[in-house]
Amino acid sequence: MQTELWNDAAGGFHPVSAPDFLPEARLQEVQLRRLRAVVGRAYAHVPLFRQRMEGLGLTPEAIGGLADIAKLPFTVKTDLRDTYPFGLFASPMGDVVRLHASSGTTGKPIVVAYTREDVDVWAEVMARTFAACGLHRGDILQNAFGYGLFTGGLGAHYGAEALGATVIPVSGGNTERQIMVLKDFGVSALCCTPSYFVHLIERAREVGVDLRELPLRVGVFGAEPWSDAMRAHIEAEAGVKAYDIYGLSEIIGPGVASECAVQEGLHVFEDHFYPEIIDPETCQPLPDGAEGELVLTTLSKKAMPMIRYRTRDITRIISEPCACGRSLRRIRRIGRRSDDMIIIRGVNVFPSQIEAALLEVEGTLPHYQIILTRERGLDQIAVEVEVTAEVFSDKIRALEAVRARLAQAIEHICGIRVDLRLVEPRTIARSEGKARRVIDQRNI
Ligand code: DLL
């Protein structure tokens with residue numbers, strides 16, 4: 001089984017992947033050594049962390065074993081906002097070689113920092129990511145993640161170079177040019193957000209390019225939630241194997257976790273990022289297999305160590321070993337964030353549920369938007385969904401049938417009736433990066 005995976009889908013073993021296969025006991029040794037060092041570093045150099053430790057009566061010596069991580073205080077996103085821009089740095093600016101920023105939804109961005117060593121670790125984990133997705137030297141990667149303050153572009157860039165692949169730094173947007181590059185440069189792998197790739201497939205088709213006929217073999221997607229149904233759509237429409245990769249600016253950027261050829265969960269590069277799952281209400285650690293909020297500790301970050309960072313991403317740890325042979329634990333694909341939840345008249349709805357419903361119904365396109373309004377004190381939810389041109393023109397008398405099926409699917413999955421608006425193709429704004437699924441007009 002393992003040999004087959006390596007020789008076929010994964011295209012051979014790359015030495016950069018070696019840490020993915022450390023025996024468990026050795027991995028834990030590395031983790032403990034690094035955990036003690038990073039806690040010591042944060043305690044010595046980050047006042048906020050030191051104060052919190054003191055408040056709990058703790059010193060770095062409290063870390064005797066890996067389980068002691070549960071004693072440490074959490075870090076949350078508002079800590080980064082409250083200490084904006086540089087308050088959580090543990091290195092002097094002279095050692096910081098790079099800054100990135102993540103805009104978030106409101107106000108000031110959060111700023112993250114990297115030393116030379118951090119940038120090298122980042123390239124390493126991204127090289128391991130691409131290797132796990134079956135890329136190798138000789139592959140030509142079109143990097144359509146945005147270059148700039150967003151971590152996607154540069155993170156993927158250095159990782160792919162470290163692997164020995166050929167990188168085309170095309171960045172996000174300019175879809176016509178993306179299609180030209182894809183066609184003319186012999187591109188074998190592409191990375192971007194899944195929603196942008198769906199747009200790319202459509203646009204290519206409109207200009208008479210069928211991606212299935214190109215050498216493109218692998219798609220590496222991340223930075224936003226996407227469903228298995230979306231994966232099936234992408235794989236069928238573009239003739240690629242589509243992999244999910246995960247990461248966040250606060251921890252490093254992309255490169256925290258990646259799928260492998262098995263495509264059943266994402267391996268966390270846990271020699272650098274230690275995962276825990278907690279109950280988001282009680283903050284108590286949950287056992288493997290239980291769903292909860294992912295909490296990550298950077299084990300080797302120098303410029304900005306993050307101790308027990310609450311990601312707000314909801315997942316669970318898969319404890320069974322993976323057929324690829326990696327010893328790294330896996331997390332289930334992240335379908336939702338705790339702060340994505342929309343509460344409509346007492347019913348909890350996640351955008352991913354709406355997506356799952358519409359991908360079930362033939363005649364719809366995977367472009368949708370959820371619009372929230374308030375009328376006379378009552379929350380209203382409308383879902384705008386694009387349908388195919390045939391359905392929209394009602395030539396095949398399908399519009400009402402699609403509406404009925406979709407309404408039923410949404411009610412079945414979400415337990416709520418929504419105001420459905422079926423619109424023609426290309427009505428909903430496309431994003432070059434992360435798709436904006438929810439438009440909240442409730443002024444709250
Ligand atoms: O999105 C880093 C990244 C770039 C990851 C390219 C993968 C590929 P941020 O902009 O800080 O960083 O956003 C991080 O995006 O907490 C998740 O909620 C979400 N996210 C990232 N990857 C996935 C994924 C980058 N594969 C936030 N599935 C995270 C679901 C994802 N959500």
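This is a tour of a predicted model, one selection at a time.

**Stop 1: the ligand**

Select the ligand and the residues around it. The shell holds 22 residues, and those that come nearest are Asp244, Ile245, Ser249, Asp313 and Arg337. Now look at the polar atoms. A nitrogen atom of the ligand lies 2.7 Å from an N or O atom in the side chain of Asp244. With Ile245, the partner is a polar backbone atom, and a ligand nitrogen is 2.6 Å from it. Pro225 also takes part through its backbone: one of its N or O atoms is 3.5 Å from a nitrogen atom of the ligand.

How much of the ligand's accessible area does the protein cover? On its own the ligand has 610 Å² of accessible area, and the protein covers 95% of that. Colour the elements that give two or more residues to the shell: helix 6 (151-163), strand 7 (241-248) and strand 8 (253-258). Strand 7 supplies the largest share, five residues.

**Stop 2: Arg231**

Next, select Arg231, which lies in helix 9 (residues 228-238). Is Arg231 buried or exposed? Its relative accessibility is 6%, so Arg231 counts as buried. Show its contacts, leaving aside neighbours within four places in sequence: they are Trp226, Ala242, Tyr243, Asp244, Glu259, Gln263 and Arg333. Asp244 in this list is also one of the residues that come nearest to the ligand. At Ala242, the backbone oxygen lies 2.7 Å from a polar atom of the Arg231 side chain. For a distance to check in the viewer, take the C-alpha atoms of Arg231 and Lys241: these residues are 10 apart in sequence, and the atoms are 8.8 Å apart in space.

**Stop 3: the nonpolar core**

In soluble globular proteins, nonpolar side chains tend to be buried together. Here the largest nonpolar core has 74 residues, and Val39, Phe130, Tyr246 and Ile331 touch the most other members. Which helix gives the most to this core? Helix 5 (residues 116-132) does, with eight residues.

Select Val39 for a view of its surroundings. Not counting residues up to four places away in sequence, Val39 touches Phe49, Met53, Pro60, Ile63, Leu72 and Ile307.

**Stop 4: one side of a helix**

Move to helix 10 (residues 351-360) and select Pro351, Ile354, Glu355, Ala357 and Leu358, which are buried. They span an arc of only 165° around the axis, so they sit on the same side of helix 10. Looking along the axis is a way to check this.

**Stop 5: two buried serines in loops**

Ser300 is in the loop between strand 11 (292-298) and strand 12 (309-315). Its relative accessibility is 15%, so Ser300 counts as buried. Beyond residues up to four places away in sequence, Ser300 touches Asp118, Val121 and His272. With His272 there is a polar contact of 2.7 Å between the two side chains.

Ser171 is in the loop between strand 4 (166-168) and helix 7 (175-184). Ser171 is buried too, because its relative accessible area is 17% and the limit for buried is under 20%. What does its side chain reach at 3.0 Å? The partner is the backbone nitrogen of Tyr147. Setting aside neighbours within four places in sequence, the contacts of Ser171 are Asn143, Ala144, Phe145, Gly146, Tyr147 and Gln178.

**Stop 6: backbone angles**

Select Tyr84 and Pro85. A cis peptide bond joins them, with omega about -5°. Pro85 lies in the loop between helix 4 (77-82) and strand 1 (96-102).

Then turn to phi. Cys283 has a positive phi of about 65° although it is not a glycine. Cys283 is in the loop between strand 10 (273-278) and strand 11, and its relative accessibility of 22% makes it partly exposed. Arg312 also has a positive phi, near 70°, and is a residue other than glycine. Arg312 is found in strand 12.

**Stop 7: a long distance**

Finish at Ala398, in the loop between helix 11 (389-393) and helix 12 (399-414). Ala398 counts as buried, at 12% relative accessibility. Draw a line from its C-alpha atom to that of Gln28: the two residues are 370 apart along the chain, and the atoms are separated by 57 Å.

Technical notes:
Residues are numbered from 1 along each chain as its sequence is written. This is a predicted model: local features need pLDDT of at least 70, side-chain atom pairs count only at pLDDT 80 or more; totals for chains, interfaces and linings use all residues. Side-chain values use heavy atoms; hydrogens and water are left out. Buried means under 20% relative accessible area, exposed over 50%, partly exposed in between (1.4 Å probe, protein chains only). Helices (H or I, at least four residues) and strands (E, at least two) are DSSP runs, numbered from the N terminus. The arc is that of the directions from the helix axis to the C-beta atoms. A nonpolar core is a set of buried Ala, Val, Leu, Ile, Met, Phe, Trp, Tyr and Cys residues joined through side-chain atoms within 4.5 Å. Contact means heavy atoms within 4.5 Å. A residue is near a molecule or strand if one of its heavy atoms lies within 4 Å of it. A polar contact is a pair of N or O atoms within 3.5 Å; within protein, one must be able to donate a hydrogen and the other to accept it, and residues adjacent in sequence count only if both atoms are side-chain atoms. Accessible areas come from the Shrake-Rupley method with a 1.4 Å probe; for residues, only the protein chains shown count as cover.
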